[in-house]
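Reader: I should like to examine this structure through a series of questions. Please set it out before we begin.

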Amino acid sequence: MGKNLEITEKLEIYINNFSLKLNPIQQEIIDYNNTLGDVKRMQVATSQCHFLHLIIKTSNIKNVLEIGTFTGLSALSIALALADDGKLTALDKDKETNKIAVSFFKKANLDNKIQTIVKPALDSLDELKNSKFDMVFIDADKMNYKEYYERSLKLLDKGGLIIIDNVLWHGEVADEDNLDKYTINIRDFNTYVANDKRVEQIIVPLGDGMTVCRVL
Ligand SMILES: C[S@@+](CC[C@H](N)C(=O)[O-])C[C@H]1O[C@@H](n2cnc3c(N)ncnc32)[C@H](O)[C@@H]1O
């Protein structure tokens, strides 16, 4: 008792076999990303797609902001879970991956629910500063996480959610001997959120680790 499971690849396949089924276009995005080589690691894990789905379904979330869309897997997972009157605003600076993401959104008939904005996210966030969202999913450049987090807080009311990906940084955050600047950055970010009295938060060990913050 008390010992957490090690999630091996075999166990992950088992979990996915006994969880929600992926939508065919979610699977197409994963298959497409597999052709990209190492860069496919950018996409969220299947378990994270299902987690985002469940959070949206159970929390009456209507208006979502995503920071970091890549080829669209997390965005499509969010949009699939949203009610008909729901909306996702998806930010990314990369024109090429955005074109691919939009083509998948169209194929899934969800392009009406997803607005993409292609420019550096901090510029988009400036433009969105008078908007309100129920949830923000942060998954872009890690060095800007603190800034994205602060900007996100301004866009949410009490009860709003911020979900941040890659907070366990391949497990490196817990290795105190690792002084790599990216690891230190995530470690500092996690400390910042943990000390923030404006939210309550948990780290969920799915994919590369995601923090779920609820605004108090
Ligand atoms: C980890 S990937 C996002 C993965 C995506 N959530 C998914 O599930 O497929 C990070 C994305 O952030 C984008 N990005 C990096 N720096 C950015 C910036 N300053 N502004 C906007 N997007 C940025 C990259 O172009 C990349 O597509």
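Author: The exchange below takes up the ligand, the core, the salt bridges, the surface and the backbone in turn.

Reader: What kind of model is this, and what pLDDT do local features need?

Author: This is a predicted model. Local features in it need a pLDDT of at least 70.

Reader: How many residues surround the ligand?

Author: Among the residues around the ligand, the closest are Gly68, Ser74, Asp92, Ala121 and Asp139. The number of residues that surround the ligand is 18.

Reader: Which residue has an N or O atom of its side chain 2.7 Å from a nitrogen atom of the ligand?

Author: An oxygen atom of the ligand lies 3.2 Å from a polar atom of Val44, but that atom belongs to the backbone. The side chain of Tyr148 has an N or O atom 3.5 Å from a ligand nitrogen. A side-chain N or O atom at 2.7 Å from a ligand nitrogen is found in Ser74.

Reader: How much of the accessible area of the ligand does the protein cover?

Author: On its own, the ligand has 600 Å² of accessible area. The share of this area that the protein covers is 91%.

Reader: Which element gives the largest share of the largest nonpolar core?

Author: This core has 33 residues, and those with the most contacts inside it are Ile61, Ile78, Leu88, Met135, Phe137 and Ile163. Several elements give two or more residues to the core, including α2 (24–34), α3 (46–58), β2 (87–92) and β5 (156–165). The largest share is six residues, and the element that gives it is α4.

Reader: How many of the nine residues of α4 are buried?

Author: The buried residues of α4 are Leu73, Ser74, Ala75, Leu76, Ser77, Ile78, Ala79 and Ala81. The helix is largely enclosed by the rest of the structure, because the buried residues among its nine number eight.

Reader: Is Ser77 buried or exposed?

Author: Ser77 lies in helix α4. In space, its C-alpha is 8.9 Å from that of Leu22, although the two residues are 55 apart in sequence. The relative accessible area of Ser77 is 1%, and under 20% counts as buried. Ser77 is therefore buried.

Reader: How many salt bridges does the structure hold?

Author: Side chains of opposite charge can pair when their charged atoms come close. One such pair is Arg41 and Asp38, whose closest N and O atoms are 3.3 Å apart, and both residues are exposed. The number of salt bridges in the structure is twelve.

Reader: How many residues apart are Lys62 and Asp85?

Author: The side chains of these residues meet in a salt bridge, with 3.7 Å from N to O. The pair links distant parts of the chain: Lys62 is in the loop between α3 and β1 (63–67), and Asp85 is in the loop between α4 and β2, at a separation of 23 residues.

Reader: Which of these two residues counts as exposed, Lys62 or Asp85?

Author: The relative accessible area of Lys62 is 32%, which makes that residue partly exposed. For Asp85 the value is 54%, and the limit for exposed is over 50%. The residue that counts as exposed is therefore Asp85.

Reader: Why does the salt bridge of Arg198 and Glu150 tie together separate parts of the chain?

Author: The side chains of Arg198 and Glu150 meet at 2.6 Å, N to O. Arg198 lies in the loop between α8 (181–194) and β6 (199–204), whereas Glu150 belongs to helix α7 (residues 145–154), so the parts tied together are separated in sequence by 48 residues.

Reader: Is Glu150 buried or exposed?

Author: Its partner Arg198 is partly exposed, at 37% relative accessible area. Glu150 has 18% relative accessibility and therefore counts as buried.

Reader: What is the approximate area of the nonpolar surface patch that includes Leu5?

Author: Leu5 lies in the segment before α1 (9–17) and counts as exposed, at 66% relative accessibility. Together with Ile7, Tyr14, Ile15 and Phe18, Leu5 makes a nonpolar patch of about 570 Å².

Reader: Near what angle is phi of Asn109?

Author: Asn109 is found in the loop between α5 and β3 (114–118) and counts as exposed, at 62% relative accessibility. Asn109 is a residue other than glycine with a positive phi, and the value is near 60°.

Notes:
Residues are numbered from 1 along each chain as its sequence is written. This is a predicted model: local features need pLDDT of at least 70, side-chain atom pairs count only at pLDDT 80 or more; totals for chains, interfaces and linings use all residues. Side-chain values use heavy atoms; hydrogens and water are left out. Patches are made of residues with over 30% relative accessible area and no salt bridge: like charges are joined within 9 Å, nonpolar side chains (Val, Leu, Ile, Met, Phe, Trp, Tyr) within 5 Å. Accessible areas come from the Shrake-Rupley method with a 1.4 Å probe; for residues, only the protein chains shown count as cover. A salt bridge is a side-chain nitrogen of Lys or Arg within 4 Å of a carboxyl oxygen of Asp or Glu. Helices (H or I, at least four residues) and strands (E, at least two) are DSSP runs, numbered from the N terminus. Buried means under 20% relative accessible area, exposed over 50%, partly exposed in between (1.4 Å probe, protein chains only). A residue is near a molecule or strand if one of its heavy atoms lies within 4 Å of it. A polar contact is a pair of N or O atoms within 3.5 Å; within protein, one must be able to donate a hydrogen and the other to accept it, and residues adjacent in sequence count only if both atoms are side-chain atoms. A nonpolar core is a set of buried Ala, Val, Leu, Ile, Met, Phe, Trp, Tyr and Cys residues joined through side-chain atoms within 4.5 Å.
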